Amino acid sequence: MSFPRTLTVVLLLALLSSWNLPAAHAQPAQSSRAVSLAQTLDNREVFVDSLTSMMTLQEKLGQLAQYPSQWSDTGPSVPAGRQEDVRDGKVGSFLSLYTAEATREMQEIAVEESRLGIPLLFAYDVIHGYRTIFPIPLGEASSFNPDLARRTARAATREATAGGVHWTFAPMVDLSREPRWGRVMEGAGEDPYLNSVLARARVHGFQGPSVAADTTVMATAKHFVGYGAPQAGRDYHTVDVSDRTLHEIFLPPFHAALDAGARSVMPGFNEIAGVPMHAHDGLIDGLLRDDWNWNGVVVSDYTAVWELKEHGIADTDLSAGVQAIEAGVDVDMVSGIYGDTLDTAVRSGRLRTEEVNEAVQRVLRAKWDVGLFKNPYRYGNEEREDDVILSDEHRELARTAAHQSMVLLKNENNTLPLDDDVESLAVIGPLADDARSILGEWAASGRAEDAISVLQGLRNRSGVDVTYVPGLPDVKSTDTANVSDAVAAAQQADAALLVIGEEFNMSGEAASRTSIELPGAQQELAEAVVGTGTPTASVLLNGRPLALTGLDQTVPAILEAWYPGTEAGPAVADVLFGDVNPSGKLPMTFPRVTGQIPIFYNHKNTGRPPVEGQDYKSTYLDTPWTPLYPFGHGLSYTSFSYSAPRTSADSITVNDSVHVQVDVTNTGDRTGTEVVQLYVHDPVASITRPVQELRGTKRSELAPGETRTARFTLTMDDLAFHGPQMERIVEPGRFQVQVGTSSANVQTTTFRLTGSQTAVPLDVPVAP
Ligand code: BGC
């Protein structure tokens, strides 16, 4: 929309002349200069231009500076010196400042005491909940249920916005094939399709139909890009991926998040092929902004602008700052380099003012879009905090999300659910009583005292007498002195339950492991308990795939619960006792041993495809080449049978689509939910293609004996790949369609694509 230029100038002059420049502290609430200007102009682009023209260089750099809060027993706050910076217009946003009270206090200083009164943005890592904690994202991904992911993000956002938060640093859309890397807990696993579907859902959940609502936050797609592929699985380590892998595997979830409207992007701590992401002009300004036409805010990761010096591409703060802003990083989180050095860079001619202006304008647009110039105080609200935080509705949703996240990995002889006649249960393992670990890492302001441990959840069930024995001092311990107590408890009970895995801080940031086998003496504990002969099942709490060969050989039933969140206890109890039938599927491959990593379902065939036991094939001498539990695996208390898949045509022409149907029947005696999975394979192409690629999933609940038809449509987008010149194309030929209950259990049909090679360009996201 255009705004008459003369009118703008007249209004601007009128406003300026009515103010006593340069400084006028204590503007009345909601009518700072910036707010009045916005209300007068009522047009984003005109306003942003006008406000920028009124700002000093230091004020501009202030908008690009983000600082952290400090934490004490009374909650987050801002140190006095930093408050002074806010008065001086040297801060644009805060990290981890939340609660209605704390955010209002700072907003008042910014709006009423700084020269222009530009409101602050409050950002927080609301990853899988704010105070009510939902399952970790990897767990939630096991639901293969985008609507669930949208609803939990929505609920978290209701709580966070009541606490004054405008901006979350989520979703993390870093696909990863690297379970040693602790941050897999924060993502959606190894598959580009599932990552993309969930990225969209989470962005919709955070941002709702519009970021302008005071109950929505700006979403951040992070960490752009390749951060999930660190060498040796060590966090922050070097990344070196081919362009094709980047475009086909790591970039699609970012594209999906931006296409869904994500207002912000955070680069990764990593480099790619020698270029640190915070200085990657080619991928930030080039790909995101030019090719994808996206113009949201790029916020650095924590101190990452400064880290350009450690990477070895800058010798001074100033050089680091210039490289980052020139690459397109708008906001400098924590390092302070933009505020401290970029004025010198501009004045000395090393940095163009336009670079600064563009970054500032992107921040101001974001502030406009979330409605801060309409009313800087519209988010945080104590009454809303009381209403929504830990509300019954949110707790109920947390319980449902936990149900849908659990994956039944193994269930020999129908060990689970526990029989109705189980009257005494020995609960064993140090994690059973750990109300902090069930929240997982990145639990925002979640608290152990709000959460219900697995032990408590089981104790809350009537009719079962629960005895608890930790067996080990902690999960990492190799001190087996008290294992005999666990054995004694198991001997006296009708059934035993092992609650084992990893403590919450064994995954997450900077929590890589070289061995993803069960830590400590937990395997020995499991063997001793099973050795009693008492029927035993195990519940796993962990934030990454584990190598469970030993446990798989020991325990008849294994339920992967991940970190289920605030309602872990009741949710685990519901599943163990059969009130809820598990339906989760693995979003990431579980290897047999750590040494198989990287192992993922969508691998290439190679010239010597693996055949176990044959020489000179792509296998190992000491371990089967296959995973222990494949991608998409997950059992149920009932059973399902599949018809052969059917395609709507044997042959389609380029630019057409093909429909695929399969009938799924519940052949057991309980209602259950099955996640039907559809994969494609292009057996002959100009570039080698993965042996299977997920292209659709359908969750359906089936009553005993019920049959339903799952329907999918495959379009050119689903068949496209990056050709020899990196152009996105489809090539004619025969395609395989694989449908089944996991990546390793499918039935196959084929169809032919006729015509000639055709370009399939990516849809370009709409600029915010
Ligand atoms: C993480 C980011 C996070 C930021 C702010 C960093 O250490 O890598 O994902 O958003 O901290 O908390």
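Trainee: What phi does G328 take just after helix 14?

Mentor: G328 takes a positive phi of about 115°. The model is predicted: local features need pLDDT of at least 70 and side-chain atom pairs count only at pLDDT 80 or more, while totals for chains, interfaces and linings use all residues. Residues are numbered from 1 along each chain as its sequence is written, and side-chain values use heavy atoms, with hydrogens and water left out.

Trainee: Why is helix 14 called mostly covered?

Mentor: Helix 14 comprises residues 317-327, and eight of its 11 residues are buried. A helix is a DSSP run of H or I with at least four residues, a strand a run of E with at least two, both numbered from the N terminus. Buried means under 20% relative accessible area (over 50% is exposed, in between is partly exposed; 1.4 Å probe, protein chains only). Among the buried residues of helix 14 are L318, V322 and I325.

Trainee: Which helices do the buried residues of helix 14 pack against?

Mentor: They pack against helix 12 (282-291), helix 13 (307-311), helix 15 (337-347) and helix 16 (353-369). Contact here means heavy atoms within 4.5 Å.

Trainee: What makes S507 count as buried?

Mentor: The relative accessibility of S507 is 0%, and therefore S507 counts as buried. S507 is found in the loop between strand 16 (495-501) and helix 21 (522-530). Residues up to four places away in sequence left aside, S507 touches G182, M185, E441, E502, G543, R544 and Y563.

Trainee: Which of the 13 residues around the ligand come nearest?

Mentor: D125, R183, H223, D301 and E509 come nearest. A residue is near the ligand if one of its heavy atoms lies within 4 Å of it.

Trainee: What makes the pairing of D301 with the ligand a polar contact?

Mentor: A polar contact is a pair of N or O atoms within 3.5 Å (within protein, one must be able to donate a hydrogen and the other to accept it, and residues adjacent in sequence count only if both atoms are side-chain atoms). A polar side-chain atom of D301 lies 2.6 Å from an oxygen atom of the ligand, so the pair meets that limit. For H223, an N or O atom of the side chain is 2.7 Å from a ligand oxygen, and a polar side-chain atom of E509 is also 2.7 Å from an oxygen atom of the ligand.

Trainee: How much of the ligand does the protein bury?

Mentor: Taken alone, the ligand exposes 310 Å², and the protein buries 92% of that. Such areas come from the Shrake-Rupley method with a 1.4 Å probe; for residues, only the protein chains shown count as cover.
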